[in-house]
Amino acid sequence: MPSRLLLNHHTAVLPAGARPGGAVHAFHQRLPGYAPTPLRDMPDLAAATGVGRVLVKDESSRMGLPAFKILGASWATYRALCARLGGEPEWASLDDLAAVVADRLGPLRLVTATDGNHGRAVARMAALLGLSATILVPDGTAAARIDGIVSEGAEVVVVPGTYDDAVTVSAGMESDRDLVVSDTSWPGYEDPPRWVVEGYSTIFAEVDAQLVGADGDDVVVSPEGVVVRAGAVVDVAVMPLGVGALGASAGACLRAGRQPDDGPLLIGVEPDTAACVAAAVAAGHVVEVPGHHRSIMAGLNCGLASMLALPAIRATFDAFVAIDDDRCRQAMRAHADAGMDVGETGAAALAGLMAVVDEHRVELPLPDQATVLLLATEGVTDPVNFASVVGRPPR
Ligand SMILES: Cc1ncc(COP(=O)(O)O)c(C=O)c1O
């Protein structure tokens with residue numbers, strides 16, 4: 001099915017202060033297993049899409065999990081615990097932090113709704129902090145994704161209905177003993193989702209560092225395809241949008257303080273059956289795209305955008321492209337052919353770029369020889385589907 005494009009002629013300037021400072025990155029650097037994820041130069045993908053250069057931020061392994069979501073889940077959990085503690089405690093290791101939390105707050109349970117990755121990340125944080133976790137998933141969630149959450153020691157509850165129904169159930173669960181750490185917002189619940197958005201800023205802090213080159217604009221790439229030094233300027237950035245938290249972070253980090261024409265061009269990608277961020281931008285407020293949403297891009301199966309994420313997205317994104325699952329499969333195969341196995345949602349950014357260059361060149365021309373940053377936000381999280389799409393098991 002052809003993709004749908006929505007252009008967004010934004011005129012507002014997001015204040016420079018909208019970009020989080022260094023505290024978030026400093027926090028992540030204290031976590032076990034933290035390391036910047038690779039920024040890969042992918043000439044095959046540049047050739048396949050006809051752009052100058054494709055740089056892929058590879059989130060297939062982030063602190064031992066197969067997606068970027070732990071960045072938001074960890075910071076939001078930490079800030080929510082600090083709020084309950086009445087301030088930031090002293091801690092050198094997570095064990096110290098866990099001891100302070102146990103001593104001063106007693107047994108606590110973390111709760112969230114998820115399409116898979118955020119819930120697994122919250123479950124991991126609970127395990128690291130000695131807390132219990134209950135994770136709500138919509139029915140139809142792939143068994144491998146549920147197993148992933150269970151492997152973190154969490155209880156998984158399957159909610160009949162959509163992801164949005166699971167969010168509604170989780171919203172009623174906050175209590176003295178239960179801390180809801182959601183990546184989406186609703187009236188009266190805005191702090192944790194704001195911290196989630198802040199948490200994702202570490203991705204862009206890393207990209208900045210990876211793109212700082214001493215001389216010229218030549219990307220220097222290690223034999224493994226990791227960008228070790230570069231001076232490239234990103235002309236276009238493409239990222240998947242579920243509820244929009246990642247998009248809001250990208251907008252704040254890549255565009256805050258910049259005039260509308262300054263670039264980079266920001267493009268959001270959604271499944272054509274769950275394009276709730278584009279619908280909200282077009283309407284000027286959150287509107288429901290009714291489900292059940294069954295795209296293979298499971299992380300993007302959301303019918304309601306996060307109201308908290310919308311202002312930054314509206315002020316910074318240039319376009320939204322809504323794609324079908326065939327386009328996503330094409331991108332998964334192209335990634336795999338280029339030597340990078342990614343999951344369905346992880347391939348969405350490339351799929352969106354392909355849709356733009358194949359179908360929307362006239363409405364949305366990209367700069368000549370553009371350097372394009374793609375966020376490949378997850379590795380393979382459903383190996384059975386991966387094998388059926390790519391024709392071999394994941395490497
Ligand atoms: C792998 C992956 N990429 C992208 C997204 C979209 O992020 P957001 O919901 O913040 O828009 C998700 C959300 O679950 C995800 O799991």
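Domain bounds here come from an automatic or database domain assignment. The model is predicted.

**Stop 1: the two domains**

Colour residues 4-68 together with 200-390 as domain 1, and residues 70-196 as domain 2. Their centres, taken over C-alpha atoms, are 24 Å apart. The contact between them takes 33 residues from domain 1 and 28 residues from domain 2. On the side of domain 1 that touches domain 2, select α1 (23-29), α9 (201-211) and α15 (383-390), each of which supplies at least two residues. The largest share of that side, 3 residues, comes from α1. By class, this side of domain 1 divides into 19 nonpolar, 10 polar and 4 charged residues.

**Stop 2: the ligand**

Now select the ligand and the shell around it. Which domains supply this shell? Domain 1 and domain 2 each give at least three residues to the shell around the ligand. There are 20 residues around the ligand, and those that come nearest are Gly242, Ala245, Gly299, Thr377 and Glu378. Show α5 (117-128) and α10 (245-255) as well, since each supplies at least two residues of the shell. Which helix gives the most to the shell around the ligand? That is α10, with 3 residues. Sorted by class, the shell holds 7 nonpolar, 9 polar and 4 charged residues.

**Stop 3: α3 against α5**

Two packed helices are described by the angle between their axes and the distance between the axes. Keep α5 on display and add helix α3, residues 70-85. These two helices pack at an angle of about 45°, and their axes are 8 Å apart. Angles under 35 degrees count as roughly parallel and 65 to 115 as roughly perpendicular, with oblique for the rest short of the roughly antiparallel range over 145; α3 is therefore oblique to α5. The crossing of α3 past α5 is right-handed. To see the contact, select Ile70, Ala73, Ser74 and Thr77 of α3, then His118, Ala121, Val122, Arg124 and Met125 of α5. The residues in this contact of α3 with α5 are 5 nonpolar, 3 polar and 1 charged.

**Stop 4: α3 against α8**

Hide α5, keep α3, and add helix α8, residues 191-199. The axes of α3 and α8 come within 7 Å and cross at roughly 135°. The two helices are therefore oblique to each other. As α3 passes α8, the crossing is right-handed. Which residues of α3 meet α8? They are Leu71, Gly72, Ser74, Trp75, Ala76, Arg79 and Ala80. Facing them in α8 are Pro192, Trp195, Val196, Glu198 and Gly199. By class, the contact of α3 with α8 has 7 nonpolar, 3 polar and 2 charged residues. Ser74 of α3 is on the list here, and Ser74 is also listed in the contact with α5.

**Stop 5: α8 against α10**

Leave α8 on screen and bring back α10. At what angle do α8 and α10 pack? The angle is about 55°, with the axes 8 Å apart. The pair is therefore oblique, and α8 passes α10 in a right-handed crossing. Pick Pro193, Val196 and Val197 on α8, and Ala245, Ala248 and Ser249 on α10, to mark the contact. Its residues are 5 nonpolar, 1 polar and no charged. Ala245 in this contact is also one of the residues that come nearest to the ligand.

**Stop 6: backbone details**

Most residues other than glycine have a negative phi, and most peptide bonds are trans. Three places in this model are worth a look on that account.

- Zoom to Gly263 and Pro264, which are joined by a cis peptide bond with omega of about -5°. Pro264 sits in the loop between α10 and β11 (265-271).
- Go on to Gly291 and His292, where the peptide bond is cis and omega is near 15°. His292 lies in the loop between α11 (276-283) and α12 (310-316).
- Finish at Met63, which is not a glycine but has a positive phi of about 50°. Met63 is found in the loop between β3 (53-58) and α3.

Terms used:
Residues are numbered from 1 along each chain as its sequence is written. This is a predicted model: local features need pLDDT of at least 70, side-chain atom pairs count only at pLDDT 80 or more; totals for chains, interfaces and linings use all residues. A residue is near a molecule or strand if its C-beta atom, placed from the backbone, lies within 6 Å of it. Helices (H or I, at least four residues) and strands (E, at least two) are DSSP runs, numbered from the N terminus. Ala, Val, Leu, Ile, Met, Phe, Trp, Tyr, Cys and Pro count as nonpolar, Asp, Glu, Lys and Arg as charged, and the others, Gly among them, as polar. Axes are lines fitted to C-alpha atoms, for helices over the stretch in contact, and angles run from 0 to 180 degrees between N-to-C directions. A crossing is left-handed if the near helix is turned anticlockwise from the far one by less than a right angle, and right-handed if clockwise. Two residues are in contact if their C-beta atoms, placed from the backbone, lie within 7 Å.
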